[in-house]
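Let's take a friendly walk through the inside of this protein, from its packed cores to its open and closed spaces. Have the structure open as you read.

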Amino acid sequence: MDFKQSVVTALAAVLKDQMDEAAITNLVETPKSSDLGDYAFPTFALAKVYRKAPVTIAQDLVSQIDATPFEAVKAVGGYVNFFLNKVSFAHQVLTDIAEQGEHFGDQQLGSGNVPIDMSSPNIAKPMSMGHLRSTVIGNALANILTKVGYSPIRINHLGDWGTQFGKLIVAYKLWGSEEAVKTDPISNLLEYYVRFHEEAETQPELNDEARAWFKKLEDGDEEATRLWSWFREESLKEFNRIYAMLDIDFDSYNGEAFYNDKMDGVIATLEHEHLLKESQGAEIVDLSQYDLNPALIKKSDGATLYMTRDLAAAIYRHDTYNFVQSLYVVGNEQREHFEQLKAVLKEMGYDWADDIHHIPFGLITSGGKKLSTRKGNVILLERVLNDAIQLAKDQIATKHPDLANADQVAHEVGVGAVIFHDLKNERLDSFDFNLEEVVRFEGETGPYVQYTNARAHSILSKTSVQPAPEVGLTDESAWEILKQLADYPNVIARAARIYEPSVIAKYALRLAKAFNQYYANTKILIDDAELPARLALVQSTTQILTNALGLLGVAAPEEM
Ligand code: ARG
């Protein structure tokens, strides 16, 4: 079913000497107002060829086009407006959705492995709102890419290596307690780390000790390794609690430390290609021909860096997954890092560097200020999620006091609200986070979409009549919903092409709004000849809302 294609075909038949189907497809647009039809073709582009005014060309085209598949074809100004035949349109959309169910919108835009670097928090530090964004955007992209044919691999590139572990070991040995780390690992480890920095200001020898411990760690010293892996394990336990709340899994937790034994290989290749230069005692790759700052490969003390590990990781992912694209869902502030990464890989001779895409995103602010997890403004994600669940619980208690599995639903609504709020904004936009707004049941929120879906389910549960698309729906007021439903496959394709989950979130809001308008103006359950067709419309709406929310990683409870 492709209604746009029927418009293109009709135009192509009369324009065959002037324009091919691809060019026509590019020009056909959706008019702002439905008075101007469902599709419109602008004739300006043909003015030169025909040496006529666009208005005249539009009139000529209308007289030649075979209008049988349409309700009407009209010339308005420099446009040809196409009005679809609503009854056959409705029949087509509703049968397709009934037959294909959750597979409606599946398509093959490509295939092959796509590693997605996502979440990637740092050990012994709280997961920030930025890491949350990376987690939910990465997960949604993985779902969307699956729907269009790719095989994503969710990779959590943990920040589990670096000189900070030397500091942490020193701090733990001075002020730490095993008990404290076990009960509340991240806040206590963070506290030791912060204290280390404070005390090192007056006792600079602490820094020497930290360097020595990091050296031991690099050399595989037993005690250093034991402490490091214990910090890692305890931190991961905490991160996993958040991932469980979000219902997000990873295929790999290979973080920075995983590449320890792969660093020499990277350095050897860089040397072999004569790419390494010395600068103030450090080893760098000059990237001035890319208009980029040099990439720092090795510090003066010989320690390898974030960049070096990312080089090793990129190569490892290429060798292991033979990827068709490799994505990094990481904040916009690391834009230059990923430009450098690609440039160095290019210099090393890897032409697949072009398949690497940094998927940047903006900041979450609160009252217009950047949220930070350093000292002061510590927002712990778990608390945000739990507060959201509590707010959802309160609202459910008033709206639906006898709901059977209220706790489960409150979880799905609260967590879903936070995820949805994150994804409805275009990735690169920074946005404000106000929990009360996020969990509201009205307005542009996740709970609003979920509530609409539950309302549709409740309509279906109130009748024993079976939905039947083949009955035929002539109801004009259903038109907006039908158009949205038919658009779903295009929406998915666009979201996948521009790596933008907000395309799906905004779509879910549009569909929910169209449905609520219909619900407010139409007596759906009246027992007349079209009741089974109206029920098919309601059922299709639940199917697509559930599916769209699912792509975003948001649950769709049937009752709430
Ligand atoms: N751990 C880093 C941070 O919190 C993000 C890592 C992103 N992934 C990567 N391959 N560099 O800033």
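The report below covers the nonpolar cores, one buried serine, a pocket and a cavity.

## The model and its nonpolar cores

Please keep in mind that this is a predicted model. A good place to begin is the largest nonpolar core, which has 154 residues. Inside this core, the residues with the most contacts are Phe41, Phe82 and Leu482. Helix H21 supplies the largest share of the core, twelve residues. Domain 1 (3–84) and domain 2 (391–404 + 418–552) each contribute at least three residues to this core. Another core, of 30 residues, lies apart from it, and its members include Ile267, Leu292, Phe338 and Leu341.

Phe82 is worth a click in your viewer. Setting aside residues up to four places away in sequence, Phe82 touches Val7, Leu11, Gly37, Asp38, Tyr39, Phe41, Ile65, Phe70, Ala72 and Val73. One of these partners, Phe41, is also among the residues with the most contacts in the largest core.

## A serine in helix H21

Helix H21 spans residues 531–552, and Ser540 is found in it. Is Ser540 buried or exposed? With a relative accessible area of 4%, Ser540 falls under the 20% cut-off, so it counts as buried. Beyond its neighbours within four places in sequence, Ser540 is in contact with Leu94, Ile97 and Leu485.

## A pocket between two domains

Next comes the second largest pocket, which holds about 1200 Å³ of space. Its lining is made of 41 residues, and those nearest its centre are Lys4, Thr30, Tyr39, Asp487 and Asn490. Helices H1 (3–15), H5 (86–100), H19 (479–497) and H20 (502–521) are the elements that each give two or more residues to this lining. H19 gives the most, with ten residues.

Why does this pocket lie between domain 1 and domain 2? Both domains give residues to its lining, so the pocket sits between them. By class, the lining has 14 nonpolar, eleven polar and 16 charged residues.

## The closed cavity

How many cavities of 30 Å³ or more does a search of the whole structure find? The search finds one. The largest cavity has a volume of about 50 Å³, and its lining is formed by Ile123, Ala124, Lys125, Gln164, Phe165, Leu168, Leu189 and Tyr193.

Helix H7 (164–175) and helix H9 (185–202) each supply at least two of the lining residues, and H7 gives the most, with three. Sorted by class, this lining has six nonpolar, one polar and one charged residues.

Conventions: Residues numbered from 1 in each chain as written. Predicted model: local features only at pLDDT ≥ 70, side-chain atom pairs only at ≥ 80, totals over all residues. Heavy atoms only, no water. Helix = DSSP H or I, 4+ residues; strand = E, 2+ residues; numbered from the N terminus. Buried < 20%, exposed > 50% of the residue type's maximum accessible area, 1.4 Å probe, protein only. Contact = heavy atoms within 4.5 Å. 1 Å grid on protein atoms, 1.4 Å probe; cavity = no way out; pocket = protein on both sides within 12 Å on 5 of 7 lines; lining within 4 Å. Points joined across faces, edges and corners; volume = space filled by probe spheres on them. Nonpolar A, V, L, I, M, F, W, Y, C, P; charged D, E, K, R; others polar. Core = buried A, V, L, I, M, F, W, Y, C linked by side-chain atoms within 4.5 Å. Domains from an automatic or database assignment.
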